[in-house]
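Please open the structure in your viewer, with the sequence panel alongside, and follow the selections below in order.

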Amino acid sequence: MTAKAIILDEKAIQRATTRIANEILERNKGTKDLLLVGIKTRGVPFAERLSKKIFEIEGEEIPVEVLDITFYRDDLTEIGESPVINNSKFDFDINNKTVVLVDDVIYTGRTVRAALDALVHKGRAKKVQLAVLIDRGHRELPIRPDYVGKNVPTSREEIVSVEFKETDKVDQVLIKE
C-alpha cells in the first residue's frame, strides 16, 4: 500500500472535531443525558477528542465508553477461527440516554450495524446517533451518519487510513492504493 494523498492533516482534523462537537451540542440542546461511545479501535480516540472539545465549549464532562464489536461482526468467520477479543469495560447505564456512536470511517455500514447490535445488549438508549470523521461512501446497509467530518468519494480499491497521535504518533487521514 502506498499513500496516494493526504486528505486531512492535523489542523483539518481539529477543525472537523470542533465542528462535530458543536453540531452534537446544537442538535441535542446541550449535554443532558449525553454519552459518547467509541467503536474500537480508532473510534475511541476520536470519541475522547470530541468529549474534550465539548468540555472546552460547555464546561461539562461527557463520559466516553469503549465498545468492542468483535462478537457482533457478520464477518467473524473470515477474521479467523480464534479472533482476539480485548475485554473492554462498559460500565455506563445507557437506558434513556442519548448515545453518540463514534467511529473514524464509515464505509459499508457493517461495523455500525454490529455496534448497534452490541449496544442493544447494553440497554435501551433513548436515541442513538452516529458521528464519523470520514464518510467514504459505498454503503451496503441503509445506515447514514448524523455527523460527518468530511465526505471523501473513493473507489472500492482505495483504503482510507485514519491515523491519530494516540495510536499512530501522527494526526492525518490518507488515501492509500
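Begin just past the end of helix α1 by selecting K29, which takes a positive phi of about 55°; keep in mind throughout that this is a predicted model.

Now extend the selection back over helix α1 itself, residues 10–27. With 1.5 Å a residue, its 18 residues should span 26 Å, and the end C-alpha atoms are 26 Å apart, so the expected and computed spans agree. At the start of α1, show the side chain of D9, of which an oxygen reaches to within 3.3 Å of the backbone nitrogen of K11.

Which residues of α1 are buried? Colour A12, I13, A16, T17, I20, A21, I24 and L25, which are the buried ones. In viewing this pattern, recall that an α-helix has 3.6 residues a turn, so residues three or four places apart point the same way.

From the helix, move into the largest nonpolar core, which has 29 residues, and select I24, L50, V100, V102, L133, I134 and V173, the members that touch the most others. The elements giving two or more residues to this core include the helices α1 and α2 (43–58), together with the strands β1 (3–8), β2 (34–39), β4 (98–106), β5 (127–135), β7 (159–163) and β8 (172–176). The largest share, 7 residues, comes from α1.

Centre the view on I24 and display its surroundings: leaving aside residues up to four places away in sequence, I24 touches L34, L50, I54, V100 and Y147. Apart from this core lies another, of 20 residues, and V37, V112, A115 and V148 are among them.

Next, select residues 99–111, which UniProt, in an unreviewed entry, lists as a short sequence motif under the name "PRPP-binding". Over this stretch the chain is 62% strand and 15% helix, and its end C-alpha atoms are 16 Å apart.

Finally, go to E158, in the loop between β6 (147–151) and β7. Is this loop residue buried or exposed? E158 has a relative accessible area of 8%, and because this is under the 20% cut-off, E158 counts as buried. Show its neighbours as well: not counting residues up to four places away in sequence, E158 touches K4, R136, I175, K176 and E177. With K4 the link is also a polar one, a contact of 2.5 Å joining the two side chains. As a last selection, add D91, which is 67 residues from E158 in sequence and 37 Å from it in space, C-alpha to C-alpha.

Methods. Residues are numbered from 1 along each chain as its sequence is written. This is a predicted model: local features need pLDDT of at least 70, side-chain atom pairs count only at pLDDT 80 or more; totals for chains, interfaces and linings use all residues. Side-chain values use heavy atoms; hydrogens and water are left out. Helices (H or I, at least four residues) and strands (E, at least two) are DSSP runs, numbered from the N terminus. The expected span of a helix is 1.5 Å times one less than its number of residues. Buried means under 20% relative accessible area, exposed over 50%, partly exposed in between (1.4 Å probe, protein chains only). A polar contact is a pair of N or O atoms within 3.5 Å; within protein, one must be able to donate a hydrogen and the other to accept it, and residues adjacent in sequence count only if both atoms are side-chain atoms. A nonpolar core is a set of buried Ala, Val, Leu, Ile, Met, Phe, Trp, Tyr and Cys residues joined through side-chain atoms within 4.5 Å. Contact means heavy atoms within 4.5 Å. UniProt positions are given in the numbering used here, feature names are shortened, and annotations may be inferred rather than shown by experiment.
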